[in-house]
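These are my notes on a structure that I opened to look up its ligand shells, its domains and a few of its helix contacts. The entries follow the order in which I consulted them.

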Amino acid sequence: MDSSRVLGPPMAEPMTPLDVKVEANRCLNCYDAPCIAACPTSIDIPRFIRRIAAGDLAGSARTIMEANPMGASCARVCPTDELCEGACVYAPDNSPIRIGQLQQHATDWLIADGRLLFKPGPATGMRVAVVGGGPAGLSAARDLAVMGHAVTIFERDDLAGGLNTYGIVPFRLPVDVAVWEAEQVRRLGVDIQTGVNVGTDLPAEKLLADYDAVVIAFGMGKVPKLAIPGEDADGVWDALDFIRTAKMDGVVPGLGDTVAVIGGGNTAIDAATASKRLGANSVTMFYRRGPDRMTAYDFEIEFAKTEAVEFRFNVLPHRIIATDGRVTGLELIRTDPAGTARPIPGSEYVIPVDNVIPAIGQSKFAALLDAFGVVHEHGVVVVDADMRTNKPGVFAAGDCMFRAGASDAMVVEAAERGKTAARSVDGFLRKGAR
Ligand SMILES: Cc1cc2nc3c(=O)[nH]c(=O)nc-3n(C[C@H](O)[C@H](O)[C@H](O)COP(=O)(O)OP(=O)(O)OC[C@H]3O[C@@H](n4cnc5c(N)ncnc54)[C@H](O)[C@@H]3O)c2cc1C
Ligand code: SF4
């Protein structure tokens with residue numbers, strides 16, 4: 001089902017042709033363009049904009065997709081005000097070039113056109129396994145195929161695309177855009193085997209033995225438990241399961257009128273806004289620290305406010321109250337307003353709710369990293385700047401190497417790390433290091 005329609009209009013409507021023309025012609029083609037430096041994938045932004053202005057949408061889309069195999073999804077989901085648009089020379093006047101929307105214009109044209117922009121390189125006879133078909137795995141696979149290697153992606157889900165397909169709300173990123181990007185990679189001859197859970201259906205040891213190199217790109221796992229009483233009641237949803245159900249089915253069974261979302265990041269915002277759009281009357285986000293410590297992007301927070309999501313700060317969930325096995329209330333405890341998140345004894349209070357949606361981060365796949373024999377820190381794989389793990393022939397990219405505070409877990413970062421991993425794999429294989 002096309003849940004993008006069920007869950008309402010996109011956050012940003014596509015530009016009109018006149019808007020596109022005016023906007024593209026505003027770009028100054030800056031020498032030393034700061035927007036390029038601010039793009040993690042270094043898209044030549046003035047060049048793609050120039051091509052739009054000249055009416056060459058194929059050339060524009062090629063410039064984008066060459067640098068960023070996730071160029072269509074990034075056009076929609078990148079926090080552009082913190083990246084390219086934030087660096088644009090017009091930004092101090094609050095009128096940066098609308099780079100994201102121009103990028104969407106060019107990539108939408110490409111999707112509608114249906115052409116394949118790239119072709120596989122001359123075969124090297126080398127075989128590479130990629131574990132996980134999200135943005136990092138697909139980007140690595142795209143470049144490895146162009147370099148001539150035979151690539152197989154093992155993806156445990158039914159569709160490739162990772163969080164682009166299942167995790168980001170459809171009014172920001174429709175499923176069909178994520179699936180189109182994966183399809184571009186498959187059309188280069190990459191064998192995308194879906195429904196294969198590496199570690200369960202296919203042991204890590206077998207991949208290590210059967211392939212010349214392996215790229216680990218399996219992202220992160222479920223939302224961790226809150227570890228409070230009552231968490232198993234009906235009406236409690238892991239935020240990622242909740243968004244996935246909303247996105248794929250357009251409806252969430254048992255969604256009531258009053259929803260409490262726990263967390264202050266982008267996942268919490270997505271769960272809250274999706275709840276609203278699915279018809280919940282009152283949706284409140286509860287965060288353990290103050291507003292200044294929220295990790296969600298400012299534009300996401302502003303969007304949630306326009307969707308009438310409410311915020312409560314300096315509170316922690318303490319107990320979920322259930323009647324006949326179903327959530328009916330949430331006990332909260334206030335935390336130290338100084339921002340330490342330390343609970344204040346005796347400050348507990350109860351509110352009536354129909355659903356509780358924890359969105360407090362994602363767990364890590366430590367055991368699977370052990371099975372690959374790579375060094376990790378609490379499930380975060382350790383890599384050097386070239387995405388090499390400690391084990392020769394094994395590389396990693398994307399959220400599985402994401403360390404909180406080091407950078408943001410973003411699609412564009414996953415794409416860039418996937419490209420870097422591909423370059424390193426290629427160097428390793430061509431040196432005959434195996
Ligand atoms: C709710 C939410 C909203 C977000 N919104 C944004 C946004 O607006 N903008 C932005 O830039 N970023 C956003 N992000 C972050 C972004 O989605 C991630 O940084 C990006 O998807 C990471 O790509 P990845 O390929 O490393 O991991 P993933 O996208 O998680 O892909 C990993 C893939 O590996 C597969 N896999 C896992 N284990 C196995 C296994 N054992 N065997 C085989 N396959 C396996 C998974 O099924 C999945 O397909 C959001 C994240 C979330 C959770
Ligand atoms: S900084 Fe702005 S004006 Fe300059 S090249 Fe980039 S998008 Fe164009």
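**Entry 1: ligand 1.** I worked from a predicted model. I looked first at which domains line ligand 1, and found that domain 2 (127–221 + 363–430) and domain 3 (239–358) each give at least three residues to the shell. I then listed the shell itself, which holds 38 residues. The closest of them are Gly 132, Gly 134, Gly 162, Gly 219 and Gly 398. I noted next which elements supply two or more residues: helix H9 (135–146), strand E2 (150–155), helix H10 (163–166), helix H13 (239–249), helix H14 (266–277) and helix H17 (411–430). By class, I recorded 19 nonpolar, 13 polar and 6 charged residues around ligand 1.

**Entry 2: domains.** I looked up how the protein chain is divided and found domain 1 (3–113), domain 2 (127–221 + 363–430) and domain 3 (239–358). For domain 2 and domain 3, I read a separation of 31 Å between the C-alpha centres. Their contact involves 7 residues of domain 2 and 9 residues of domain 3. On the domain 2 side, I counted 6 nonpolar residues, 1 polar residue and no charged ones.

**Entry 3: H9 and H17.** Two of the helices that line ligand 1 are H9 and H17, and I examined how they pack. Their axes come within 7 Å and cross at roughly 40°. An angle of that size falls outside the parallel range, which ends at 35 degrees; H9 and H17 are therefore oblique to each other. I recorded the crossing as right-handed. From H9, the contact takes Pro 135, Ala 136, Gly 137, Ser 139, Ala 140, Asp 143 and Leu 144. From H17, I noted Val 411, Ala 414, Ala 415, Arg 417, Gly 418, Lys 419, Ala 421, Ala 422, Val 425 and Asp 426. The residues of this contact comprise 10 nonpolar, 3 polar and 4 charged.

**Entry 4: ligand 2.** I turned to ligand 2, which has 14 residues around it. Those that come nearest are Cys 27, Cys 30, Cys 35, Pro 46 and Cys 88. Helix H3 (34–38) and helix H4 (45–53) are the elements that give two or more residues to this shell. By class, I found 13 nonpolar residues, 1 polar residue and no charged residues.

**Entry 5: H4 and H5.** I followed H4 to its contact with helix H5 (residues 57–67), where the axes lie 7 Å apart at an angle of about 165°. H4 is therefore roughly antiparallel to H5. The crossing of H4 and H5 is left-handed. I listed Arg 47, Phe 48, Arg 51 and Ile 52 from H4, meeting Leu 57, Gly 59, Ser 60, Thr 63 and Ile 64 from H5. This contact has 4 nonpolar, 3 polar and 2 charged residues.

**Entry 6: H5 and H8.** Finally, I asked at what angle H5 and helix H8 (residues 99–113) cross. The value is roughly 110°, and the axes come within 9 Å. H5 is therefore roughly perpendicular to H8. I found Leu 57, Ser 60, Ala 61 and Ile 64 on the H5 side. Opposite them, H8 contributes Gln 103, Ala 106, Thr 107, Trp 109 and Leu 110. I recorded 6 nonpolar and 3 polar residues in the contact of H5 with H8, and no charged ones. In closing, I noted that Leu 57, Ser 60 and Ile 64 of H5 take part both in the contact with H4 and in the contact with H8.

Technical notes: Residues are numbered from 1 along each chain as its sequence is written. Chains are lettered from A and ligands numbered from 1 in the order in which they are written. This is a predicted model: local features need pLDDT of at least 70, side-chain atom pairs count only at pLDDT 80 or more; totals for chains, interfaces and linings use all residues. A residue is near a molecule or strand if its C-beta atom, placed from the backbone, lies within 6 Å of it. Helices (H or I, at least four residues) and strands (E, at least two) are DSSP runs, numbered from the N terminus. Ala, Val, Leu, Ile, Met, Phe, Trp, Tyr, Cys and Pro count as nonpolar, Asp, Glu, Lys and Arg as charged, and the others, Gly among them, as polar. Domain bounds come from an automatic or database domain assignment. Axes are lines fitted to C-alpha atoms, for helices over the stretch in contact, and angles run from 0 to 180 degrees between N-to-C directions. Angles under 35 degrees count as roughly parallel, over 145 as roughly antiparallel, 65 to 115 as roughly perpendicular and the rest as oblique. A crossing is left-handed if the near helix is turned anticlockwise from the far one by less than a right angle, and right-handed if clockwise. Two residues are in contact if their C-beta atoms, placed from the backbone, lie within 7 Å.
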